[in-house]
Amino acid sequence: MLRRLLLDRRRGALWWSIGTSSGVATIVALWSSVKNSADLEDVIKNLPKGVQALFGTEKGISISSAPGYLQARLFSTILPVLLLVYAIGLGARIIGGAEEDGTLQLVVTSPATRRRIAIERFGAAKLLVLLQVVIGLVTGIAIGAAVGVFDDISVGRFVIATLAVTELALLHLTIAFAVGAATGRRGPALSAASIVAVAGYVIYGIAASAHSLEPLRVVSPWWWFLDRNLLVHGPTFLSLGLPLVLAAAIFVAGLVAYERRDLRLP
Amino acid sequence: MTATAAITMSALTKQFGDLTAVASLDLEVHRGEVFGFLGPNGAGKTTTIRMLLDILRPTSGTARVLDGAPGDPSVRARIGFLPADLHLDPRHTVREAIDYYGALRGGFDQSLVDRLLTRFDLDPARSIGDLSTGNRRKVGVIQAFAGHPDLLILDEPTSGLDPLLQHEFLSLVEESVADGVTVFLSSHVLPEVERVADRIGILRRGELVSLGGIDDVRPRQRLDLHLAAEPPGGAFDGIDGVVEVEVHGNVVSLLVDGSVDAVVKAAARLTVERVVSHETDLEDAFLELYRSPSGDVSAEQ
């Protein structure tokens, strides 16, 4: 069952890999032209605080330094967007989409239990997301080494930051899975996970722009991830621990709902 | 539950909100028999079948299948299921789809799969997306039979199959029965099941309104005989099974109860140009059966 979903998604995974690797390669390669450029620094400084936050800028870390640049251009924008969009689409498909289009019918009537179906298909989706992560990571490290990114930061920190984006993506994958598993529909699964992603991003930006709104940020997975530049500070519980715990709880809730309800086959 | 029952439904009920799709169904399907589960569309047949497969959970009552619960994997391993609405992934080839469903059951008997593919003239290398509806049904039929099931649950199995394939399919059912397989076959048209069914239950608005041997529920048939010339007066009077005769010029319209044998023999004396048979739909058959002795229809109509 796990193999089946992997095989079914191989073409999509291939295309997405091309996107991931070229996206990451472009951003990291551009570092060489941005390095120590004071102009960019000035541009960023003049932006409103909320927008600065969305770029992942942090006091005391220059945008033209390797960690500042990578955080702004790679880890707070292109990489999470690529991984989240991919993960959410996939997550909604695990149960919701496949139940809605009826292709799960002969699977749920086979000797496989619903629990096994959910676990295996979720596992396959997770592997597909991890494949994109590995492709992004390998590309980033290879190009980064070529343009001298790792003169300023360690490869280990780069891996840690990538891991944190991965957890952010897997959290949204799990939300899409759980809502799809609970409803048997693709639409609600896609919407729920997308709303959490966009709302989290917006709340993070708003909270940074006005002091009075700051407490709001605690509910944003983006804040957990972006608050501290992991390239500078190293791993934090908020970025690496919390999404994992939360995803596990959401997965169990989705699984329980799936095991208990009537299936909505066409 | 008796040792000879393949399926036992006890007060099986399913409600969707205010709608009662299946109402307190009591039914036992014996091992080794072919049970025809009939009813007009929307009568609750598919809902019942889905409760037998743990796709839906009963609101109340119970269903036992092969001495176990419908959700029990070891029970489902022994069931071959052909859904009414078959949705296959269009990206797979026929072979991939069948292998996948086989793998979920610990692998199909490949030689049996190959024999079925040949028998139904289906090319395993073709992509599901390129197949006609009839050919997709064949994939469904093959996966249902290829696991050597003890129980076949077939929901509207011959819809979408042309007459030749329907015939082939029913032969396959007969062969399985000869091997001791129990068959639970749903349909909204009687002719589809009357060839193979031992017993028939008729479902209407979620309630079982009739249960009996195939001959008990065989409905009346309407036949029009188009003759070369106007028949002599009374030519079809007093013939066995004829309930009603109307003559309009050269056309004789007959309503026949049971076998039409006597009618055919009587017609043989005349020159018959055309015989038109009107499919008596199940609703009519049911209404005939459901008429109370006083002649009133006591159903909720």
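Biologist: Which residues have the most contacts inside the largest nonpolar core?

Modeller: Bear in mind that this is a predicted model, where local features need pLDDT of at least 70, side-chain atom pairs count only at pLDDT 80 or more, and totals for chains, interfaces and linings use all residues. Side-chain values use heavy atoms, with hydrogens and water left out. A nonpolar core is a set of buried (under 20% relative accessible area, 1.4 Å probe, protein chains only) Ala, Val, Leu, Ile, Met, Phe, Trp, Tyr and Cys residues joined through side-chain atoms within 4.5 Å. This one has 146 residues, and those with the most contacts are A:Leu70, A:Phe75, B:Phe145 and B:Phe184.

Biologist: Which helix gives the most to this core?

Modeller: Helices here are DSSP runs of H or I, at least four residues, while strands are E runs of at least two. With 16 residues, the top contributor is helix α5 (residues 66-100) of chain A.

Biologist: Which strands stand at the edges of the open three-stranded sheet in chain B?

Modeller: Strands pair if DSSP finds at least two bridges between them. The order is β2-β1-β4, paired antiparallel. Two strands have a single partner each, so one side of each lacks a neighbour in the sheet: β2 (19-30) and β4 (60-65) of chain B.

Biologist: And what is the bridge partner of B:Met9 in β4(B)?

Modeller: Five bridges join β1 (residues 5-16) of chain B to β4(B), running antiparallel. In β4(B), B:Met9 has as its bridge partner B:Ala63.

Key:
Residues are numbered from 1 along each chain as its sequence is written. Chains are lettered from A and ligands numbered from 1 in the order in which they are written. Buried means under 20% relative accessible area, exposed over 50%, partly exposed in between (1.4 Å probe, protein chains only).
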